Amino acid sequence: MSIRIHEERCIGCGRCTEACPGNLLRLSSNGKAEIRAVEDCWGCTACMKECPVSAIGYFLGADIGGSGGTLRIEREGHFYHWRIEQPGRADTVITIDRQNANRY
Ligand code: SF4
Ligand code: SF4
C-alpha cells in the first residue's frame, strides 16, 4: 500500500510534507516531493487531498485487490474527484462533495 508522486506535476509547494501524519514526505534537492520510507506509508490519503495539482497517486496493488492502477484526487471547488486510472481501461471517476464528506 503506497503512494506514487508524479514529479512532472509537482510544483514543490510542500503542502503534502506538512499534511503527512507520519512525517514521511519531504522536498528533495530538485524541489520536488519525495517519500522517505515508502514501506511506512499506510495510505491515509491526507497528502493526496492537500496536493493542489493532483501530483500524488495511490497505487492500487494486488494486495488490496487492485490491478496496478492508480487513484488520484482532483480538486474542483468544494468537490473531490477520485479518479481511478488503469492500463487499458477507461477512467472511473467518483465525485465527493467535501462539505458533506465528513458528516456521517
Ligand atoms: S498516504 Fe498518508 S501516510 Fe502515506 S505519505 Fe500520504 S499522508 Fe503520509
Ligand atoms: S503537495 Fe503536491 S505539488 Fe505540493 S509538494 Fe506535494 S506533491 Fe508537490
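**Salt bridges, a hairpin and a ligand shell**

Tutor: Start with Arg83 and Asp91, whose side chains form a salt bridge at 3.0 Å, N to O. Bear in mind that this is a predicted model.

Student: Is Asp91 buried or exposed?

Tutor: Partly exposed. Asp91 has a relative accessibility of 38%.

Student: Which residues join Arg83 and Asp91 in a salt-bridge network?

Tutor: Arg72, Glu74 and Glu85. Shared partners link these residues with Arg83 and Asp91 into one network.

Student: What's the N to O distance for Arg72 and Glu74?

Tutor: 3.6 Å, in a salt bridge between the two side chains.

Student: And burial? Where do Arg72 and Glu74 fall?

Tutor: Arg72 is buried, at 6% relative accessible area. Glu74 is partly exposed, at 22%. The cut-off for buried is under 20%, so Arg72 falls below that limit, while Glu74 does not.

Student: How many salt bridges in total?

Tutor: The count is 6.

Student: Which residue does Arg15 pair with?

Tutor: Glu50. The side chains of Arg15 and Glu50 meet in a salt bridge, 3.6 Å from N to O.

Student: What does that pair tie together?

Tutor: Parts that are 35 residues apart in sequence. Arg15 sits in helix α1, residues 15-19, and Glu50 in helix α2, residues 46-50.

Student: How accessible are Arg15 and Glu50?

Tutor: Arg15 is partly exposed, with 34% relative accessibility. Glu50 is also partly exposed, with 31%.

Student: Switching to strands. In which sense do β6 and β7 pair?

Tutor: Antiparallel, over 6 bridges. Strand β6 covers residues 79-85, and strand β7 covers residues 92-97.

Student: What's the bridge partner of His81?

Tutor: Thr95, in β7.

Student: How many residues lie between the strands of that hairpin?

Tutor: There are 6. Gly88, in this hairpin, takes a positive phi near 75°.

Student: How do side chains run along a regular strand?

Tutor: As a general rule, they alternate between the two faces of the sheet.

Student: Now the ligand. Which residues are around ligand 1?

Tutor: The residues are Ile3, Cys20, Pro21, Leu25, Cys41, Trp42, Gly43, Cys44, Thr45, Ala46 and Cys47.

Student: How does that shell break down by class?

Tutor: It has 9 nonpolar residues and 2 polar ones. No charged residues appear in the shell around ligand 1.

Student: Which are the polar ones?

Tutor: Gly43 and Thr45, with Gly counted as polar here.

Conventions: Residues are numbered from 1 along each chain as its sequence is written. Chains are lettered from A and ligands numbered from 1 in the order in which they are written. This is a predicted model: local features need pLDDT of at least 70, side-chain atom pairs count only at pLDDT 80 or more; totals for chains, interfaces and linings use all residues. Side-chain values use heavy atoms; hydrogens and water are left out. Two strands pair if DSSP finds at least two bridges between them. Helices (H or I, at least four residues) and strands (E, at least two) are DSSP runs, numbered from the N terminus. A residue is near a molecule or strand if one of its heavy atoms lies within 4 Å of it. A salt bridge is a side-chain nitrogen of Lys or Arg within 4 Å of a carboxyl oxygen of Asp or Glu. Buried means under 20% relative accessible area, exposed over 50%, partly exposed in between (1.4 Å probe, protein chains only).
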